[in-house]
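Here's a quick briefing to read alongside the coordinates. It goes topic by topic, so feel free to jump around.

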Amino acid sequence: MTSIDSFIGVPLLISAILGLVLLLSLFMLKVRNKTKPSFIFYLMLAAVIAGALYSVITKKYIYFVFATILSEFFLAIFLLFKTFDDPEKREAKKAAKAAIETSHSDQDTVSAALITELEEKHKRTLSVYNDFVNKVSNFFTNDNSMENFLEYCNGVLREKVSADGCIILIADDYDQVLAVKSFVGSFPPPYKLPDDLPHKPLRVETNLRFAQFQLSGNIFGDIFTEGKPVLIEDSVKDPRVYQNGPEDFLRTGSYIFAPIREEENVVGLIGLAKNPGESKFNKDDLDKVESLANAISVTMNPLYSFLAYAEKTELNKGGSIASKYQKDLLPQKLPVIPKMSIGCFSNQAEGVCGDYYDILASRKDKISFIMSDVAGKGMNSLIVMIMIRSILRLAVNTAQSAATIMTWANKGICGESSKIDHFASVALINYNATTKEAEIATCGNNPVFLFSASDKTIKQVSTMSEPLGVTKETVFENITLKLNSGDILATCTDGLLESLNENGVQYSSSSLSRIIIKNCNASAKEISNKVKDDLKKFCGVAQQYDDQSLLVIKIQ
């Protein structure tokens with residue numbers, strides 16, 4: 001008799017077939033978008049189908065039981081999830097997520113537009129910079145190159161923002177003022193005009209064109225000191241703008257101010273004006289002016305450098321010419337004077353040309369020794385040197401005292417009305433070989449030293465006084481000395497005594513005195529050579545900024 005259990009494989013096979021049909025049906029529904037079955041149902045059917053088929057094949061029906069339990073477990077999880085699920089909250093989250101994605105998309109669009117705008121702005125900026133750089137190169141070799149460049153900048157600024165007038169001011173570091181360097185168009189003064197200035201267009205324009213402003217207490221100075229761009233749309237409501245009216249040409253409209261910089265320092269100020277009744281300046285105009293001001297600032301740096309280089313080149317050229325003539329003015333050969341030896345040298349610093357010495361056997365009873373140090377550099381000092389040399393060469397031929405001759409030279413120099421400095425330190429020594437007396441007059445800081453052979457000591461016999469050329473009323477003193485055999489007179493310029501070594505230490509009068517005392521038995525020429533060698537050794541490779549000159553006189 002056959003047991004019913006022997007047919008259990010038939011319902012299991014039917015269960016597997018039905019499960020497969022259901023699985024295919026769910027798949028077709030999903031494909032046709034009729035409904036969206038949960039993936040849990042797919043898992044349940046897959047577990048039942050797999051369990052039924054495996055049980056039929058292996059004759060071990062326990063696997064079907066396990067498959068059924070597993071599908072029930074999947075169903076239980078699904079039901080628990082549905083029990084605690086909040087569809088409204090879930091939809092809200094989906095909406096928030098969609099909004100975030102939309103926002104990111106919008107931000108990406110905005111970012112792309114912003115990047116495009118910045119690229120276009122940078123292209124325009126580079127174009128402006130390129131135009132200024134190309135233009136400034138044309139001014140390098142022209143006279144008044146800075147003024148011409150600022151006039152060009154003035155035109156560009158007015159064109160870019162349709163301004164009625166533009167003014168460019170540059171700071172003067174020495175006087176601490178802002179000076180107008182370029183002024184074009186209509187620019188109603190935003191500052192208080194002088195009380196005594198007639199309110200006439202030409203007079204007001206002239207006042208502004210040549211005006212200078214302090215760095216505080218006025219609109220130009222205050223904005224320059226603050227160093228930030230300023231937009232004044234309505235100047236009538238702005239307390240910084242002074243109303244000079246009621247004349248129409250003095251009525252103020254809108255203004256833009258922007259600083260000009262050299263690296264981090266503000267060196268100038270741009271001012272643009274629109275007349276009342278015209279369209280006012282706006283933020284876009286301010287951005288344009290600020291960009292142009294930056295371009296002008298960058299371009300002015302090489303122009304400043306070129307002007308400084310040109311000035312230095314001109315000074316070096318003038319210094320080279322002056323040095324050549326300075327050498328020609330110095331005695332080419334020392335005179336031979338009985339019972340006396342003479343030694344001297346002069347080291348010229350580059351571009352300075354300030355020292356001059358002379359030895360004149362002017363009379364039978366008088367030999368004049370001159371040591372001069374002229375203030376200034378280059379051709380300026382050479383001109384004054386020639387004047388002093390000419391006056392002294394004429395005056396020492398008289399029987400006048402050294403102090404009187406110095407007074408004559410001082411009056412001649414003080415009468416010079418040129419703008420160049422005409423000051424000089426001079427030591428004049430008149431020596432009478434018959435009486436062995438020396439008459440000394442000095443001015444400025446050229447010292448005269450006396451070495452006494454009797455006691456082997458050295459001292460400074462001259463005193464400090466006003467330089468030549470300060471005032472006609474300067475009084476000079478005669479110093480009379482009785483000299484003996486072996487005595488030594490030495491005079492030098494301050495460039496020698498103030499020579500610096502690599503540690504910043506000065507050579508000083510003590511070093512000079514030491515060499516003179518140590519070599520007191522040598523000739524004047526040998527003594528001067530010893531000082532020259534000692535000075536060179538002391539200074540080493542340190543650069544010197546003043547001429548170094550020495551004159552030694554030894555009584556035999």
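**Helices over a sheet**

Helix 13 (residues 524–539) lies across strand 7, strand 15 and strand 16, and its direction is at about 25° to strand 7. Keep in mind that this is a predicted model. Below you'll find the sheet under that helix, then a hairpin with its extra partner strand, and finally one buried aspartate.

**The five-stranded sheet**

- Strands 7, 16, 15, 12 and 13 make up an open sheet, in the order 7-16-15-12-13, and the pairing is antiparallel.
- Strand 7 (340–347) and strand 13 (457–460) sit at the edges with a single partner strand each, so each has one side without a neighbour in the sheet.
- Going from one strand to the next, the twist averages 15°.
- At the strand 13 end, four bridges tie that strand to strand 12 (residues 448–452), and the two run antiparallel.
- If you want a specific pair to look at there, Ser-452 has Thr-457 of strand 13 as its bridge partner.
- Helix 12 (residues 508–518) also lies across this sheet: strand 12, strand 13, strand 15 (488–492) and strand 16 (548–555) are the ones it crosses, and it runs at about 35° to strand 12.

**Strand 6 and its partners**

- Strand 6 (residues 265–274) has eight of its ten residues buried, so the rest of the structure largely encloses it.
- One partner is strand 5 (residues 254–262), joined to strand 6 by nine bridges in an antiparallel arrangement.
- Strand 5 and strand 6 form a hairpin with two residues between them, and Glu-263 in that turn has a positive phi of about 60°.
- Another partner is strand 1 (residues 165–172), which pairs with strand 6 in the antiparallel sense over six bridges.
- Leu-269 of strand 6 is a handy place to see both pairings: Leu-169 has it as a bridge partner, and Pro-259 stands opposite it.

**Asp-358**

- Where does Asp-358 sit? You'll find Asp-358 in strand 8 (residues 355–363).
- Is Asp-358 buried or exposed? Its relative accessible area is 1%, and since the cut-off for buried is under 20%, Asp-358 counts as buried.
- The Asp-358 side chain makes a polar contact of 2.8 Å with the side chain of Tyr-356.
- Leaving out residues up to four places away in sequence, Asp-358 touches Pro-331, Ser-368, Phe-369, Ile-370, Arg-389 and Arg-393.

Notes. Residues are numbered from 1 along each chain as its sequence is written. This is a predicted model: local features need pLDDT of at least 70, side-chain atom pairs count only at pLDDT 80 or more; totals for chains, interfaces and linings use all residues. Side-chain values use heavy atoms; hydrogens and water are left out. Two strands pair if DSSP finds at least two bridges between them. Axes are lines fitted to C-alpha atoms, for helices over the stretch in contact, and angles run from 0 to 180 degrees between N-to-C directions. Contact means heavy atoms within 4.5 Å. Buried means under 20% relative accessible area, exposed over 50%, partly exposed in between (1.4 Å probe, protein chains only). A polar contact is a pair of N or O atoms within 3.5 Å; within protein, one must be able to donate a hydrogen and the other to accept it, and residues adjacent in sequence count only if both atoms are side-chain atoms.
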